[in-house]
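Thank you all for making time this morning. I would like to walk through the empty and occupied spaces of one model, and then finish with a few points about its backbone.

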Amino acid sequence: MQRRDFLKAAVGGAALLGLGDTGRAQTLPSDRKFHPGEVWRDTDGKPIQAHGGGILYHAGVFYWYGEDKTQGYNNKVGASCYSSRDLYTWKHEGTALAASAVPKQFQDTGVLERPKVIYNAKTRKFVLWAHLDANGYSESVAGVAISDSPTGPFTLLSHSHPIGTSTYRDMNLFLDTDGSAYSIYSAEDNATIYIVRLNEEFTGPEMPLVEGKTWVRAIPRHWREAPAPFKHKGRYYLFTSGTSGWDPNAAMLASADHILGPWILGDNPCVGPDAEKTFHSQSTFVLPITGRSHGGFLYMGDRWKPQDLADSRYVWLPFEFDANTGFQLTWHETWDLSIFGKPL
Ligand code: DGJ
């Protein structure tokens, strides 16, 4: 389809002007710009449904997994998958882990939150972890699923608590440069962030569990959610939010020399108006940007809309490091990848 035809088909006449129904700019697939907080449409013209998401970069393609909230809060659809080669234009690849692929209690009235995928080069499997819950967040288990393809379908292998009976809620995965992988999540009813090294297949915690060696209570009793880990120049960083439900709050950037700590609590890396609300977003992922002369990181956050979760928006911002100031996140109404320098 020609660009013009596509735009017409996608969002009607207003799209030709790059205007959304609010009359403000929105992120269109062909736009090659990010518009944080605006409606973001896929290549079919539908608003992207990948909330609480994360990105896997595999064989030259970015895969964005997230919660499909088309039918609201509960797990009616499952975890979606979108693909892109440029981070602006996203094609819907369908449902990667279907709601029907998890036990009944986590469907319908249950939830499937914050799905993330990493690739295991040894087993050649794509491994998806997500937070599954039911009965008012009283189950709080890790759902682990695998697939031979990045787009799925994923098959659920297990649902369990990685450590004892402690809750598994807001979560992420982190694949280190040495090939080891970790799940990082809010445990102890959200009071404490755990970091747990995974087994060789990435399908469960490394056994036997040894606190301080295979897993740690990384940030104890600080009530942090939405963990988004990344590594810069050999140092580990963890972006988290506070715990105020769907409402945005102040972020905190912790850091450590080793993934299993000790972790040092840091400040809010956001700067400028609305910094104390993380620009009205909650962290979900930090993506390293490579292949550009400066490099850097891309912050991915969710601007939740509790009264209409399907219309929750994405806040993607450049997250840059400066030797004097450290990492700082600042608001950009519109931006593009040239902020990270020229393509190499
Ligand atoms: C905050 C969490 O970060 C979200 O993933 C979601 O679980 C909401 N709480 C629900 O209130």
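How much space lies in the largest cavity? Before I answer, please keep in mind that what you see is a predicted model. The answer is about 50 Å³, and the residues that line this largest cavity are E38, V39, W40, P47 and I48, together with A310, D311, S312, R313 and Y314. Sorted by class, the lining of the largest cavity comprises six nonpolar residues, one polar residue and three charged ones.

In all, the structure holds two cavities of 30 Å³ or more, and the second largest cavity encloses about 40 Å³ of space. Its lining includes E67, D68, K69 and G72, and L112 is also one of the residues there. In the lining of this second largest cavity, two residues are nonpolar, while four are polar and four are charged.

Let me turn from the cavities to the pockets. The largest pocket has a volume of about 1,200 Å³, and 48 residues line it, with I55, L56, Y57, L287 and P288 lying nearest its centre. The elements that contribute two or more residues to that lining are β1 (51–58), β5 (111–120), β9 (171–175), β13 (225–232) and β17 (282–289). By class, the lining of the largest pocket divides into 26 nonpolar, 10 polar and 12 charged residues.

Which pocket, then, corresponds to the space taken by the ligand? It is the second largest pocket, which holds about 240 Å³ of space. Thirteen residues would be a lot to read aloud, so I will simply say that the second largest pocket is lined by 13 residues, and that E113, Y137, D170, E225 and G245 lie nearest its centre. The residues lining the second largest pocket comprise three nonpolar, four polar and six charged.

Around the ligand itself we find E113, R114, Y137, D170, E225, G245, W246 and Q282, a shell made up by class of two nonpolar, two polar and four charged residues. Three side chains in this shell deserve a closer look. A polar side-chain atom of R114 lies 2.9 Å from an oxygen atom of the ligand, whereas for Y137 the distance from a polar side-chain atom to a ligand oxygen is 3.3 Å, and E225 likewise places a polar side-chain atom 3.3 Å from an oxygen atom of the ligand. The ligand would expose 290 Å² if taken alone, and the protein buries 88% of that area.

Finally, the backbone. Most peptide bonds are trans, and most residues other than glycine have a negative phi, and it is against that background that I would like to mention three places in the model. The peptide bond from M207 to P208 is cis, with omega near -5°, and P208 is found in the loop that runs between β11 (192–197) and β12 (215–219). Another cis peptide bond joins G261 and P262, where omega is about 5°, and P262 lies in the loop between β15 (252–256) and β16 (270–271).

Where does S140, which has a positive phi of about 50° although it is not a glycine, lie in the chain? S140 belongs to the loop between β6 (125–133) and β7 (141–147). I will stop there and take your comments.

Terms used
Residues are numbered from 1 along each chain as its sequence is written. This is a predicted model: local features need pLDDT of at least 70, side-chain atom pairs count only at pLDDT 80 or more; totals for chains, interfaces and linings use all residues. Side-chain values use heavy atoms; hydrogens and water are left out. A residue is near a molecule or strand if one of its heavy atoms lies within 4 Å of it. A polar contact is a pair of N or O atoms within 3.5 Å; within protein, one must be able to donate a hydrogen and the other to accept it, and residues adjacent in sequence count only if both atoms are side-chain atoms. Accessible areas come from the Shrake-Rupley method with a 1.4 Å probe; for residues, only the protein chains shown count as cover. On a 1 Å grid over the protein atoms alone, a cavity is a set of points where a 1.4 Å probe fits but cannot get out, and a pocket is an open set with protein on both sides within 12 Å along at least five of seven lines; lining residues have an atom within 4 Å of a point. A molecule sits in a cavity or pocket if more than half of its atoms lie within 2 Å of its grid points. Ala, Val, Leu, Ile, Met, Phe, Trp, Tyr, Cys and Pro count as nonpolar, Asp, Glu, Lys and Arg as charged, and the others, Gly among them, as polar. Grid points are joined across faces, edges and corners, and a volume is the space filled by probe spheres set on the points. Helices (H or I, at least four residues) and strands (E, at least two) are DSSP runs, numbered from the N terminus.
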